[in-house]
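Please open the model in a viewer and keep the selection tool at hand. The tour below proceeds stop by stop, indicating what to select and what is found there.

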Amino acid sequence: MTFSVQGLPVARGIAIGRAVLVASSRADVAHYFIEPANVDAEIERVRAGRNAVVDEIHRLQQSVSQMGPKDAPHELTALLDVHLMLLQDEMLVSGVKHWITNRLYNAEWALTTQLEVIARQFDEMEDEYLRERKADLEQVVERILRYMKGVALPITPPTTPHRKTQQDLLLDDTVDVPLVLIAHDLSPADMLQFKQSVFAGFVTDVGGKTSHTAIVARSLDIPAVVGARSASQLVRQDDWVIIDGDAGVMIVDPSAIILAEYGFKQRQGQLERERLTRLRHTPAITMDGQKVELLANIEMPEDAAGAIKAGAVGVGLFRSEFLFMGRTGKLPDEEEQYQAYRRAVEGMRGLPVTIRTVDIGADKPLDKSQKDGTSLNPALGLRAIRWSLNDPAMFLTQLRAILRAAAHGQVNLLIPMLAHASEIRQTLSLIDFARAELDNRGVPYGPVKLGAMIEIPAAALMLKLFLKHFDFLSIGTNDLIQYTLAIDRADEAVAHLYDPLHPAVLRLVADTIAECNAQGKGVSVCGEMAGDASHTRLLLGLGLRSFSMHPAQILAVKQEVLRSDTSRLQPWAQRVIESDDPASVLSA
Ligand code: PEP
Ligand code: MG
């Protein structure tokens, strides 16, 4: 039966495919398609993993049998029996075979997919004892996965399923159909590893529109919905679903009529994108001759290629923290960072690259384990520059790496989340110190322009101080909104109150742009607001001439720029920000 689930729109477009439910804790297993010729070998990998775990349990049983009843409680013996039984379970074995043979999933993916299928059945059981066996099953699968990691075959590059036409979808039900990923939650780092993955769309239960998971999903440029609350509970493995990334809706088990309607919308969207690509080489100049800089936000050095392809004239925000995440605490050393920044700089072929120092914390934990940390309020805790200043050796390592990369092209150094004069002082002296260290070592480095992010209202209220020390400012609207309105950007429960057009937010944005313009200093917006074409005219009217966004958003924003006349937008923008209800003036 068809039903829909409402969430928050994150990335535009329509995706139609079969649901792949991924447990949040296992989102980090590899997801790729295998060659048909490797089916038997892949099944063998799972079998070998399972046999190894069975042997391990047999060995444990043996040692348990040699213990006295005091050391070997009855529960332990019973538990081992249950684990053995689950390992032999026909549903697990045949299900895994099915996903490998019929869908060509790699072994780990097949195993976790089948785990989700069986776990769901456990959830629905009435008997509490049986329901609780789900945890045992998860443990057993975890052990097989761990074993397989040690003996895993080299991962072949993922192949993207070819997008089928609507007609194909209705007729065909075999391996080659698009897949959409449904998960309760995904960390930004997990989301990033899906960058070149097999999935045609994403839905998560939790997350706000500007949570970092949503931001990475947007950078993948495939339809995505977050904050869909119980989506992962309502959808079953392999259900047909439609993801409407424009409306933030997921439709499950669509009827033929609904499928046809969305198939039409999907084609319309594709045509619109193709039409926009014609603007790629057109300079972003308004009707009244104002030059506008459209820059890219990137997460990894390799994203530079996409930025160039989209026609970006530089990188306005390289979120360097993605180099630090998911490494179980072992942070990248100076050489590794230098090479990464250098790749980004060289990838941009002489165009400027703004590298932001690490912004770890809040919804961007270093690792999964850090997520359960003790901070009660991580968005207000040890995050971004606070984290860096707390560990000067780590910060100096990053600063040296960035300064060295600046020898290979134009680099701007951007500092996130500053609020205090003391933080500015410490940061600047550490930058000087990093230069001195490189001088002492005789290592070459290049000049950088220094920028600060305006993300905390306190910063937006002391612009003169910031402009005394920095060459340019970059407005991080995602956080500026979060901290001005006291709305957790990652919490879908308050997502309706997260408002870029709140008069207080607009006042801070407008004042920052005006002050920088008055002092002849550079200013850009690099939060999600910059990539939302419905805000382009307002920001132009407020005097902004530099926007940084996901490469996928550049052409839509450019289209708005080309249609704008800033001399007319200026008085209108003042009316918008002076209104009690800017949204209504904007839409009028
Ligand atoms: C912002 O806060 O607007 C920003 C660009 O930084 P991030 O989204 O990484 O917090
Ligand atoms: Mg921020």
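Begin with ligand 2, the magnesium ion of this predicted model. Glu-455, through OE, and Asp-479, through OD, coordinate the ion at 2.0 Å. The two residues bring together distant parts of the chain, being 24 residues apart. Glu-455 belongs to the loop between strand 13 (448-454) and helix 18 (457-460), whereas Asp-479 lies in helix 20 (residues 477-485). Switch on a surface for the protein: both Glu-455 and Asp-479 are buried.

Next, colour the chain by domain. Domain 1 comprises 3-24 + 156-258, domain 2 covers 36-148, and domain 3 covers 286-587. Between the C-alpha centres of domain 2 and domain 3 the separation is 46 Å.

Now select helix 1 (residues 39-65). How far apart are its end C-alpha atoms? The distance is 39 Å, which agrees with the expected span, because 27 residues at 1.5 Å a residue should also give 39 Å. Display the side chains of helix 1 as well; its buried residues include Val-39, Ile-43, Val-46, Val-53 and Ile-57, and also the charged-type names Glu-42, Arg-45 and Arg-50.

Finally, select helix 11 (residues 256-277) together with helix 23 (residues 554-562). Their axes are 9 Å apart, and the helices pack at an angle of about 65°. The crossing of helix 11 past helix 23 is left-handed. To view the contact itself, show Glu-272, Arg-275, Leu-276 and Thr-277 on helix 11; these meet Leu-555, Ala-556 and Gln-559 of helix 23.

Conventions. Residues numbered from 1 in each chain as written. Chains lettered and ligands numbered in written order. Predicted model: local features only at pLDDT ≥ 70, side-chain atom pairs only at ≥ 80, totals over all residues. Heavy atoms only, no water. Domains from an automatic or database assignment. Donors = N, O, S within 2.8 Å, 3.2 Å for Na, K, Ca; no water. Helix = DSSP H or I, 4+ residues; strand = E, 2+ residues; numbered from the N terminus. Buried < 20%, exposed > 50% of the residue type's maximum accessible area, 1.4 Å probe, protein only. Expected span 1.5 Å × (residues − 1). Axes fitted to C-alpha atoms, helices over the stretch in contact; angles between N-to-C directions. Left-handed = near helix turned anticlockwise from the far one by under 90°. Contact = heavy atoms within 4.5 Å.
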